[in-house]
Amino acid sequence: MTKISKGEGLPDPGQERRIEGVGKSSSPGPGTGSAADGAPAGSGASAGSGPTGEGRARSPHRIDLADAGWWADRIAPSPDPSAEAAAAVAGLGGEFEDILYAGRGGAGFAMEETVPPGYVLVEFARTGQGHFGLRSIDWNGREAVGLGDADTSLRFERRVMWCDNLYPLRFRVECDDRAEWVIVIRPVGGVRLLGEAATGRGSEVLLHTGPAGELVSRLSPSKPNASLRVRGHGPRRPGAPAPFPASLGSDYGPRPRATGKLPEGPLFVEVQEADGDWSLEVREPRPDEEERPGFWARLFGR
């Protein structure tokens with residue numbers, strides 16, 4: 001198991017409220033569910049913070065799963081990786097214990113820990129309504145990775161993110177002072193394998209270990225019209241410029257469906273946007289257009 005080292009505080013990028021540091025707390029935070037669940041869970045009051053939606057902003061603080069209060073009932077520990085998954089992610093991300101931070105209201109902060117270089121899973125959830133955004137930021141407070149929004153109260157979102165181990169993880173949370181939130185950083189070894197097909201609900205990250213092919217993505221939305229967006233994150237070298245994730249499929253409408261090229265594994269397949277039940281199907285790759293026989297050749301069997 002890789003040991004986690006302590007990090008530095010976050011320079012203030014010019015926000016109104018400055019947070020000098022974060023501390024570990026045994027006080028409970030709000031409740032969540034695992035990202036795999038995807039469905040809203042029940043709510044409750046966090047001890048010492050008052051009912052949901054009340055109180056002022058609270059600085060981000062480290063929490064343990066054992067004493068995480070009403071968040072604890074909704075966060076499952078990372079599962080042990082299968083032999084196939086462990087072998088596939090050996091060069092993609094390190095091992096470490098799950099890291100949990102909670103808070104209330106918008107904030108910019110640095111986590112105390114520095115995780116091993118490579119990919120990590122980022123899960124986050126919030127309470128209440130209104131805008132909620134999460135971004136990874138660099139050493140001087142500029143946005144590094146936009147991790148997206150949490151539109152639904154108490155429903156977890158899951159993303160995969162590259163960490164180069166140059167500095168502790170830094171994040172900016174954007175929400176009003178009444179919103180409770182939690183962020184969970186996990187090793188990538190516990191992700192599900194994509195295999196030949198997979199189904200799920202809401203955002204998810206899966207691992208493709210097979211050859212190149214074609215990925216067919218479908219969504220049965222929970223509202224009249226919805227977006228489906230699937231991205232791929234492949235191996236990369238520490239310190240190298242970050243490549244933009246590959247688009248594996250994107251569509252919007254009453255029954256979104258997309259078909260895209262699936263690179264050879266290992267590859268993290270991120271269902272980034274999917275408001276409803278989705279399915280992924282891996283097919284044999286299609287021949288390139290220039291390799292397909294022409295009309296007359298097909299007609300006469302050439």
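**Disulfides**

I started with disulfides in this predicted model, and a search of the whole structure finds zero of them. Next I looked up two cysteines. Is cysteine 163 buried or exposed? Cysteine 163 is buried, with a relative accessible area of 5%. Cysteine 175 also counts as buried, at 16% relative accessibility, because the cut-off for buried is under 20%.

**The chain as a whole**

I then stepped back to the overall make-up. The protein chain holds two helices and 21 strands. It has 302 residues, and 47% of them count as buried. About 14500 Å² of the chain is exposed, with carbon and sulfur atoms supplying 50% of that area. I also checked how far apart in sequence the contacting residues are. Among contacts with a separation of 6 or more, 81% come from residues 24 or more positions apart.

**Nonpolar cores**

My next stop was the interior. A general reminder to myself: in soluble globular proteins, nonpolar side chains tend to be buried together. Which residues have the most contacts inside the largest nonpolar core? They are Met111, Val122, Leu134, Phe171, Ile183 and Ile185, in a core of 22 residues. The elements giving two or more residues to this core are β4 (99–104), β7 (118–126), β10 (157–163), β11 (170–174) and β12 (180–187). Another core lies apart from it and has 16 residues, including Ala198, Leu206, Leu248 and Ala274.

**Salt bridges**

How many salt bridges does a search of the whole structure find? I noted 17, and I followed a few of them by hand.

Glutamate 113 and arginine 62 meet through their side chains, at 2.4 Å from N to O. This pair links distant parts of the chain, since glutamate 113 sits in strand β6 (residues 113–114) and arginine 62 in strand β3 (residues 58–63), 51 residues apart. Both glutamate 113 and arginine 62 are buried.

Glutamate 180 forms a salt bridge with arginine 104, and the closest N and O atoms are 2.9 Å apart. Glutamate 180 is in strand β12 and arginine 104 in strand β4, so this pair ties together parts that are 76 residues apart in sequence. I checked the burial of each partner. Glutamate 180 is buried, with a relative accessible area of 5%, and arginine 104 is buried with a relative accessible area of 5%. Strands β4 and β12 had already come up in my notes, as elements that give two or more residues to the largest nonpolar core.

Arginine 159 forms a salt bridge with glutamate 157, with 3.7 Å between the closest N and O atoms. Arginine 159 counts as buried at 5% relative accessibility, and glutamate 157 counts as buried at 6%. I also found one network in which salt bridges that share partners join Asp98, Glu123, Arg158, Arg186 and Glu204.

**Strand pairing around β21**

I turned to the strands next. General background first: strands of a sheet pair through backbone hydrogen bonds, either parallel or antiparallel. Strand β21 (residues 276–283) pairs with strand β14 (residues 197–201) in the antiparallel sense, over five bridges. Here arginine 201 stands opposite aspartate 277 in β21. Strand β16 (residues 213–221) also pairs with β21 in the antiparallel sense, over eight bridges. What is the bridge partner of glutamate 214 in β21? I found arginine 283 there.

**An open sheet**

I also traced an open sheet of five strands, in the order β13-β15-β20-β17-β18, with mixed pairing. Strands β13 (192–193) and β18 (246–253) are at its edges, each with a single partner strand, so one side of each has no neighbour in the sheet. For β18, I looked up the pairing with strand β17 (residues 226–233), which is antiparallel over seven bridges. Glycine 232 has alanine 246 in β18 as its bridge partner.

**A cis peptide bond**

My last entry is on the backbone. As a general rule, most peptide bonds are trans. The bond that joins glycine 265 and proline 266 is cis, with an omega of about 5°. Where is proline 266? I placed proline 266 in the loop between β19 (257–262) and β20 (267–274). Strand β20 belongs to the open sheet I traced above.

Note on methods: Residues are numbered from 1 along each chain as its sequence is written. This is a predicted model: local features need pLDDT of at least 70, side-chain atom pairs count only at pLDDT 80 or more; totals for chains, interfaces and linings use all residues. Side-chain values use heavy atoms; hydrogens and water are left out. Helices (H or I, at least four residues) and strands (E, at least two) are DSSP runs, numbered from the N terminus. Buried means under 20% relative accessible area, exposed over 50%, partly exposed in between (1.4 Å probe, protein chains only). Contact means heavy atoms within 4.5 Å. Accessible areas come from the Shrake-Rupley method with a 1.4 Å probe; for residues, only the protein chains shown count as cover. A disulfide is a pair of cysteine sulfur atoms within 2.5 Å. A nonpolar core is a set of buried Ala, Val, Leu, Ile, Met, Phe, Trp, Tyr and Cys residues joined through side-chain atoms within 4.5 Å. Two strands pair if DSSP finds at least two bridges between them. A salt bridge is a side-chain nitrogen of Lys or Arg within 4 Å of a carboxyl oxygen of Asp or Glu.
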